[in-house]
Amino acid sequence: MSRCTIPIPSFIGPPSAILVPSGNMADVDIIVNKFVALWRIPFVRLKLPWIFLGLSMVGSLVKSTQLVPETYFSNSRNVLNMYFVKVSWGWTLLLLTPFIFLIHYNDSLTFALRRMSSLVVATAIWYTFTETFFYIEDATGTCHRDQVPHKEFTTKWRCRSAGGQWDGYDISGHSFILSYSALIIAEEMAPMATMERNRNIVLDLLYVSLNGIVFIWIWMFMCTSVYFHNFWQNGLGTVFGILAWFVTYRVWYPKPLSPGLPLKPTKQS
């Protein structure tokens with residue numbers, strides 16, 4: 001099999017190249033082009049927020065019928081939940097950070113760093129919402145053990161540590177983070193649809209990985225809606241995820257004093 005070289009940006013290290021089998025490169029390129037074609041379909045990207053809202057409503061209604069059979073994914077200890085969803089924000093940052101830098105640094109290092117600041121904003125949003133959800137659950141709940149209330153335990157963590165059950169209002173953090181993560185990843189991947197130059201195997205592999213993560217998030221979002229929480233808990237989590245995406249990418253980021261949008265505006269001559 002023949003080999004070809006791919007130049008590596010100087011910020012990674014000394015001038016060098018990665019040797020990649022040309023056949024493997026062709027396979028990756030085919031996969032990238034298929035994903036690009038998928039995201040070019042207006043319904044997929046533009047309607048994604050509505051898709052999440054619809055999945056949340058339908059899934060929760062299906063759950064309320066109590067006719068859904070137990071499956072591998074109805075157990076919260078399934079592999080995808082334990083090793084992906086529970087650390088979903090870590091996966092999102094791990095893949096998006098180098099992707100955003102690589103896709104923008106050739107145009108402008110300043111713009112690339114500005115765009116990366118969107119991850120700081122997103123992390124602040126993730127932390128604020130999840131901590132608020134925890135606070136609401138603690139503030140609205142009581143601890144029971146053997147059907148006897150134990151008011152000495154004032155938080156879910158202390159209650160469960162003592163072997164009790166907490167009955168606070170549990171807004172679905174999974175519905176929030178999975179919808180929010182998928183929406184911002186979809187936004188950040190958008191430049192690949194118009195990018196014909198300055199692509200390399202690292203960028204392509206990150207793009208394929210991000211698409212894979214999005215599909216995992218969507219699948220686990222569906223499982224959350226069908227197997228866990230109730231209609232309003234899932235619905236609120238989803239609405240907050242969509243709202244966080246909308247306020248940033250549709251309201252704030254188009255403005256000058258912001259991290260900016262992934263698709264860099266055309267320079268004026």
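Buried means under 20% relative accessible area, exposed means over 50%, and partly exposed lies in between (1.4 Å probe, protein chains only). This is a predicted model, where local features need pLDDT of at least 70 and side-chain atom pairs count only at pLDDT 80 or more, while totals for chains, interfaces and linings use all residues. Residues are numbered from 1 along each chain as its sequence is written, and side-chain values use heavy atoms, with hydrogens and water left out.

**Exercise 1. Take stock of the chain.**

Task: state what secondary structure the chain has and what share of its residues is buried.

Solution. Start with secondary structure. The chain holds 10 helices and 5 strands. Helices (H or I, at least four residues) and strands (E, at least two) are DSSP runs, numbered from the N terminus. Next, burial. Of the 269 residues, 40% are buried. Then the surface. About 15,100 Å² is exposed, and carbon and sulfur atoms supply 65% of that. These areas come from the Shrake-Rupley method with a 1.4 Å probe; for residues, only the protein chains shown count as cover. Last, contacts (heavy atoms within 4.5 Å). Take those between residues at least 6 apart in sequence: 72% join residues at least 24 apart.

**Exercise 2. Describe the packing of two helices.**

Task: find the angle at which helix 5 and helix 8 pack, and name the residues that meet.

Solution. Two numbers are needed: packed helices are described by the angle between their axes and the distance between the axes. Axes are lines fitted to C-alpha atoms, for helices over the stretch in contact, and angles run from 0 to 180 degrees between N-to-C directions. Helix 5 (residues 88-104) and helix 8 (residues 173-189) pack at about 10 degrees, with axes 11 Å apart. Helix 5 is therefore roughly parallel to helix 8. The cut-offs are under 35 degrees for roughly parallel, over 145 for roughly antiparallel, 65 to 115 for roughly perpendicular, and oblique for the rest. Now the residues. Helix 5 brings S88, W89, T92, L96, F99 and I100. Helix 8 meets them with I177, L178, Y180, S181, I184, I185, E188 and M189.

**Exercise 3. Trace the salt bridges.**

Task: count the salt bridges and say which parts of the chain they link.

Solution. Fix the rule: a side-chain nitrogen of Lys or Arg lies within 4 Å of a carboxyl oxygen of Asp or Glu. By this rule there are 6 salt bridges. Take R45 and E187, whose side chains meet at 3.1 Å, N to O. R45 lies in helix 2 (residues 42-46) and E187 in helix 8, so the pair ties together parts 142 residues apart in sequence. R45 is partly exposed because its relative accessibility is 26%. E187, at 5%, counts as buried.

Go on to E188. Its salt bridge is with R115, with the closest N and O atoms 2.5 Å apart. E188 is in helix 8 and R115 in helix 6 (residues 109-140), 73 residues apart. Both E188 and R115 are buried.

Then K156 and E137. Their side chains form a salt bridge at 3.1 Å, N to O. K156 sits in helix 7 (residues 156-161) and E137 in helix 6, 19 residues apart. Both K156 and E137 are buried. Finish with the network: salt bridges link D29, R199 and D204.

**Exercise 4. Inspect two positive phi angles.**

Task: locate Q66 and H229, and classify each as buried, partly exposed or exposed.

Solution. Phi of Q66 is near 60 degrees, positive in a residue other than glycine. Q66 lies in the loop between helix 3 (48-64) and helix 4 (79-83). Its relative accessibility is 72%, so Q66 is exposed. H229 is not a glycine either, and its phi is about 65 degrees. H229 lies in the loop between helix 9 (201-227) and helix 10. At 22%, H229 counts as partly exposed.

**Exercise 5. Place L261.**

Task: say where L261 lies and which residues it contacts.

Solution. L261 is in the segment after helix 10. Its relative accessibility is 29%, so L261 is partly exposed. Leave aside neighbours within four places in sequence. L261 then contacts F111, R115, Y249, Y253 and P254. Now compare sequence with space. L261 and S118 are 143 residues apart in sequence, yet 9.0 Å apart C-alpha to C-alpha.
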